[in-house]
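Trainee: Please take me closely through a single part of this model, and then relate its surroundings to the rest of the chain.

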Amino acid sequence: EAREVEAALVEFEERFPQLFFSVYLGVLPPQLSVSELAFLLLNRGVFWAEYHPRLNEHAIALVLDPEAREAGLMVGYALEDMLPPRVLQRILRTVRTPLWHAEYAPAITSVVRQVARVVRRHARRARRRDVLPPSPADDFLGGAGCRTLRHAPPETQGGGARKAPPADFAP
């Protein structure tokens, strides 16, 4: 079961290298809820990649308490528009039965795959919306909505070299 969870997490991070998934499975003290721990992990925790810390703004934290049979799911600030609380609650509702039956690996992999599906769907919509219309090859800046501040002097048009400034020129 651990290999199944590891494979799902690796697949998620390979598909979305800018994001990362953190899973905590453990009994929590009675004064700490799964949502509070997820919040603390994202706001106070430091997650390390191979040689540098990762940005928690791009993290997803799943916390499971096997004794209380509860789960909490929280995302970093950069993901809040993509994965709002209502979507996170919907995902958690789908794994209530496996959690109740102490089937943690299937619950974790299900959450990871559902989050991946939402991120993939959101990315497809963003790509379609953010694509610029095609522009002529000779008008790249104009096609991108940019305008020049001044026209190039005639001697630089056509690939010619620019003349040296006059001797009395002072910038």
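Mentor: A102 sits in the loop between α4 and α5, where helices (H or I, at least four residues) and strands (E, at least two) are DSSP runs numbered from the N terminus. This is a predicted model, in which local features need pLDDT of at least 70 and side-chain atom pairs count only at pLDDT 80 or more, while totals for chains, interfaces and linings use all residues. Residues are numbered from 1 along each chain as its sequence is written, and side-chain values use heavy atoms, with hydrogens and water left out.

Although A102 is not a glycine, its phi is positive, near 60°. Most residues other than glycine have a negative phi. A102 has a relative accessible area of 39% and is therefore partly exposed; buried means under 20%, exposed over 50%, and partly exposed in between, with a 1.4 Å probe and protein chains only. R69, in the loop between β4 and β5, also has a positive phi, of about 55°, without being a glycine.

On one side of the A102 loop, helix α4 (residues 96-100) contains R96, which counts as exposed because its relative accessibility is 55%. R96 belongs to a positive surface patch together with R86, R90, R93, R117, R121, R124 and R125. Patches are made of residues with over 30% relative accessible area and no salt bridge (a side-chain nitrogen of Lys or Arg within 4 Å of a carboxyl oxygen of Asp or Glu). Like charges are joined within 9 Å, and nonpolar side chains (Val, Leu, Ile, Met, Phe, Trp, Tyr) within 5 Å. Lys and Arg count as positive, and the charge of Arg is placed at CZ. Accessible areas come from the Shrake-Rupley method with a 1.4 Å probe.

On the other side of the loop, α5 (104-130) joins α3 (85-93) in supplying at least two residues each to the patch. The largest share, 4 residues, comes from α5. R90, in α3, is partly exposed at 40% relative accessibility, and its C-alpha atom lies 9.9 Å from that of Q114, 24 residues apart along the chain.

Helix α5 also supplies the largest share, 10 residues, of the largest nonpolar core, which has 31 residues. Such a core is a set of buried Ala, Val, Leu, Ile, Met, Phe, Trp, Tyr and Cys residues joined through side-chain atoms within 4.5 Å. Those with the most contacts inside this core are F12, F21, L73, L83 and V115.
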